[in-house]
Amino acid sequence: MDEFDREGPLFDGKVRVLVQQPERDERHTLLTVRMLNGQRTLNSNQKERVLRIEVTDDEELETFFLYVWSVSEEEFHDLKHQQRLLVDFPKFAANFMDLLTCCLAKPTLLHESSSSHRPEGQAPLSYLAVLNTHDAAGYSTFSIVETNAFKRLTHLSLQFTPGDDAEVKLYLAARLRQTTHEKRRLQDDLMATTADLDATKESEAALQTQVDRAMQQHAEQLGSAKMAASDAMTAQKEAALQTLHDTERMYTTKLENLRLSSKEEIEQLQHKLAETESALQLLQKTKYQHETNIATLERHVAALEDTNRLNSVELQSLKSQNKALDQDVFTKVRRMDVLLVYCAFE
């Protein structure tokens, strides 16, 4: 007998599945896929691990159906050989969940991947779960198909068994037990949450009372502080006004004294200015007289320089004449000496 852990399913979620039924059109719908881990008791009271996958439609009650597939650790060897799998039984569940996760993603249309506007490189892939309720061999097949612009590639194809009345009853009973257990757990959580909520409300009421009391105390303290601040501000304003008046009187006195001293200094400066202007006029008159004398002296100096230049020329001429006369006298003296010597010998 097989026993499965429905409280902790390995996978439990909605998967977009392409449903193919005989004499009906293909349709895409969201089906619930559950993967359960369990044990099978053998005749020798030994147990082996069993993996069970259930595909069901929990929304459409009128078309309710159930398809199941299970494999034990011993039966997995045949499945591995048939499907050419590269993983062992412990890793099969994780890899199958990865494929289901790929089916949860938004599908990529083939005509979009082959469009002329597609960027260069590898086309995006699309994974699709397909449930064929009656294939060519008469089996119900659940497949994981990878589609691209070139072809469809089936990664995994499992032969599911349609649930008969007994199987459906067992499934519904197990789901009822699971739902009942979950309901009890939720009720316990609700009771605990309600108790926490009541305690929180009581704590909130106590805190609200403390807040009201604190706000009242704060309002009273704030009123007292405002009154004290108002009195202090009034006193500061009066002190500031008194200081302002005293300062104004002090600076008014200083300003008046400064005006008087400035007036005296201005009068002294004006008197000095008048004396300076008189001295300046006298100096200007003296300057004019000196400039006139300088001009006269400059003309006299120019005349003296001309006379000096003429005298220099005349002096140079006299020096030349004197030199010529000295030479002539020297020549005549020598001749006289010669004549005297000559006369002496005669």
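**Exercise 1. The turn between strand 3 and strand 4**

Task: Describe how strand 3 and strand 4 are connected, and state which residue in the turn has a positive phi.

Solution. Strand 3 and strand 4 make up a hairpin, with five residues between them. In the turn, asparagine 45 has a positive phi of about 60°. The model used in these exercises is a predicted one. Next, look at the pairing: strand 3 and strand 4 run antiparallel and are joined by ten bridges. One residue pair can be picked out, since threonine 41 has lysine 47 of strand 4 as its bridge partner.

**Exercise 2. The other partner of strand 4**

Task: In which sense does strand 4 pair with strand 5, and over how many bridges? How many of the ten residues of strand 4 are buried?

Solution. Step one: strand 4 and strand 5 pair in the antiparallel sense, over seven bridges. Step two: find a pair of residues that face each other. Threonine 56 stands opposite leucine 66, a residue of strand 5. Step three: count the buried positions. Eight of the ten residues of strand 4 are buried, and the strand is mostly covered.

**Exercise 3. The span of helix 4**

Task: Compare the distance between the end C-alpha atoms of helix 4 with the reach of a straight helix. Then list the buried residues of helix 4 and name strands that cover them.

Solution. Helix 4 covers residues 165-345, which is 181 residues. At 1.5 Å a residue, a straight helix would reach 270 Å. The end C-alpha atoms of helix 4 are only 201 Å apart, short of that value.

For the second part, the buried residues of helix 4 are Val168, Tyr171, Ala174, Arg175 and Gln178. Their cover includes strand 3 (27-41), strand 4 (47-56) and strand 5 (66-72).

**Exercise 4. An aromatic pair**

Task: How many aromatic pairs does the structure hold? Classify the pair of tryptophan 69 and phenylalanine 92 from its ring geometry.

Solution. The structure holds six aromatic pairs. For tryptophan 69 and phenylalanine 92, the ring centres are 6.1 Å apart and the planes meet at 50°, so the pair is tilted. The cut-offs behind this step are under 30 degrees for stacked and over 60 for edge-to-face, with the rest tilted.

Now place the two residues. Tryptophan 69 belongs to strand 5 and phenylalanine 92 to helix 2 (residues 89-104), so their pair ties together parts that are 23 residues apart in sequence. Tryptophan 69 counts as buried, at 10% relative accessibility. Phenylalanine 92 is buried as well, with a relative accessible area of 3%. Both residues belong to one aromatic cluster, formed by Trp69, Phe76, Phe89, Phe92, Phe96, Phe142 and Phe160.

**Exercise 5. Salt bridges**

Task: How many salt bridges are found in the whole structure? For the bridge between glutamate 75 and arginine 40, say where each residue lies and whether arginine 40 is buried or exposed.

Solution. A search of the whole structure finds ten salt bridges. In one of them, the side chains of glutamate 75 and arginine 40 meet at 3.4 Å, N to O. Glutamate 75 is in the loop between strand 5 and helix 1 (76-83), while arginine 40 is in strand 3; the pair links distant parts of the chain, 35 residues apart. Arginine 40 counts as buried at 17% relative accessibility, because the cut-off for buried is under 20%. Glutamate 75 is partly exposed at 38%.

For contrast, take a bridge within helix 4. The side chains of aspartate 328 and lysine 332 meet at 3.5 Å, N to O. These two residues are four residues apart in helix 4, so about one helical turn separates them. Aspartate 328 is partly exposed at 35% relative accessibility, and lysine 332 is partly exposed at 49%.

**Exercise 6. The surroundings of lysine 80**

Task: Where is lysine 80 found, and which residues does it contact beyond its neighbours within four places in sequence?

Solution. Lysine 80 is found in helix 1. Leaving aside neighbours within four places in sequence, lysine 80 is in contact with Leu85, Val87 and Asp88. With aspartate 88, lysine 80 also forms a salt bridge of 2.7 Å, N to O. Lysine 80 counts as partly exposed at 26% relative accessibility, and aspartate 88 is partly exposed at 45%. Finally, the C-alpha atoms of lysine 80 and alanine 344 are separated by 179 Å, and the two residues lie 264 residues apart along the chain.

How values were computed
Residues numbered from 1 in each chain as written. Predicted model: local features only at pLDDT ≥ 70, side-chain atom pairs only at ≥ 80, totals over all residues. Heavy atoms only, no water. Expected span 1.5 Å × (residues − 1). Buried < 20%, exposed > 50% of the residue type's maximum accessible area, 1.4 Å probe, protein only. Contact = heavy atoms within 4.5 Å. Pairing = 2+ DSSP bridges. Phe/Tyr/Trp six-rings, centres within 6.5 Å; stacked < 30°, edge-to-face > 60°. Salt bridge = Lys/Arg side-chain N within 4 Å of Asp/Glu carboxyl O.
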